[in-house]
Amino acid sequence: LDELGARIAKLLIVVFAVITALAALGVPVASLVAGLGIGGLAVALAAQKTIANLFGALSIGVDRPFREGDVVKVGEVEGTVEAIGLRSTRIRTAARTLVTIPNADLADTRSESFAACDRYQFATTIGLVYDTTPATLRALIAAIEARLRAMPKVWTEKLRVQLVGFGASSLDVRIQAWFVTGDWDEFLVLRQEALYLS
């Protein structure tokens, strides 16, 4: 978004330079500026959406809810931010499609950035046959918990392995853990290892 600020600054410099040059050539700048004000109002009404998108871009630039390269979820769209422009933001989805969202809409939509995530949750339920004895069940739960606690980057304070209910055809054991990583790809590897242990 530094590039966005640079574009706006360049535009303002060009406008100021043109007005200064016209004043130096003896053109009555005051009447020109007044005319631009009336013309500007007409243009503003005609270009309301464009101006809304520009202010949306400025809002994104100030708040910085995400940056180019971040994995985000905006409404129903999830993917990697490829470009943040003056009018719109482009997001590349997992299906490799490119979604373009007007900045005005983006500024008013709830967005979620996975780049700001400091840990990821792993949660799954495994089903055990009803013939499993209480002693075997307790031993299995203790073994799974011990293996998870031995894994790197597991947040042990929130680790839970518990019998949570009786399913239609199984005893349901819920496994819930958090991995202390902000890297989605690393989390995928850690989750796979946790599934092997389960």
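Glu 145 and Arg 149 form a salt bridge, with their closest N and O atoms 3.0 Å apart. A salt bridge here is a side-chain nitrogen of Lys or Arg within 4 Å of a carboxyl oxygen of Asp or Glu. Both residues sit in helix H5 (residues 134-150), 4 residues apart, or about one turn of the helix. Helices (H or I, at least four residues) and strands (E, at least two) are DSSP runs, numbered from the N terminus.

Before going further, a word on what you're looking at. This is a predicted model, where local features need pLDDT of at least 70 and side-chain atom pairs count only at pLDDT 80 or more, while totals for chains, interfaces and linings use all residues. Residues are numbered from 1 along each chain as its sequence is written, and side-chain values use heavy atoms, with hydrogens and water left out.

## The overall picture

The protein chain has 6 helices and 8 strands. Reading from the N terminus, its elements go α-α-α-β-β-β-β-α-β-β-α-β-β-α. Of the 198 residues in the protein chain, 26% are buried. Buried means under 20% relative accessible area, exposed means over 50%, and partly exposed is in between (1.4 Å probe, protein chains only).

How much surface does the protein chain expose? About 12,500 Å², and carbon and sulfur atoms supply 60% of it. Those areas come from the Shrake-Rupley method with a 1.4 Å probe, and for residues only the protein chains shown count as cover.

Contacts (heavy atoms within 4.5 Å) tell you how the chain meets itself. Among the contacts in the protein chain with a separation of 6 or more, 55% are between residues 24 or more positions apart.

## Back to the salt bridges

A search of the whole structure turns up 4 salt bridges. Here are three, including the one we began with.

| Pair | Closest N and O atoms |
|---|---|
| Glu 145 and Arg 149 | 3.0 Å |
| Arg 119 and Asp 118 | 3.8 Å |
| Lys 153 and Glu 186 | 2.7 Å |

The Lys 153 and Glu 186 pair links distant parts of the chain: Lys 153 is in the loop between H5 and strand S7 (160-166), Glu 186 is in helix H6 (residues 184-197), and they are 33 residues apart.

How exposed are the partners? Glu 145 is partly exposed at 22% relative accessibility, and Arg 149 is partly exposed at 37%. Arg 119 comes in at 24%, so it counts as partly exposed, and Asp 118 is partly exposed at 46%. Glu 186 has 26% and is partly exposed, as is Lys 153 with 39%.

## Two residues with positive phi

Lys 153 has a second point of interest: its phi is near 70°, a positive value in a residue other than glycine. Most residues other than glycine have a negative phi. Arg 96 also has a phi near 70°. Where is Arg 96 found? It is in the loop between strand S3 (88-93) and strand S4 (98-102). Arg 96 is exposed, with a relative accessible area of 56%.

## Aromatic rings

There are 4 aromatic pairs. Rings of Phe, Tyr and Trp (its six-membered ring) pair if their centres lie within 6.5 Å, and planes under 30 degrees apart count as stacked, over 60 as edge-to-face and the rest as tilted. Take Phe 122 and Phe 179: their ring centres are 6.3 Å apart and their planes are at 55°, so this pair is tilted. It links distant parts of the chain, with Phe 122 in strand S6 (residues 120-128), Phe 179 in strand S8, and their positions 57 residues apart. Both Phe 122 and Phe 179 are buried. They also belong to one aromatic cluster with Tyr 120 and Phe 187.

## Around S7

Phe 166 lies in strand S7 and is exposed, with a relative accessible area of 64%. Together with Tyr 130 and Leu 163, Phe 166 makes a nonpolar surface patch of about 330 Å². Patches are made of residues with over 30% relative accessible area and no salt bridge, with like charges joined within 9 Å and nonpolar side chains (Val, Leu, Ile, Met, Phe, Trp, Tyr) within 5 Å.

Ser 170 follows in the loop between S7 and strand S8 (171-179). Is Ser 170 buried or exposed? At 15% relative accessibility, Ser 170 counts as buried. Leaving aside neighbours within four places in sequence, Ser 170 is in contact with Gly 127, Leu 128, Tyr 130 and Gly 165.
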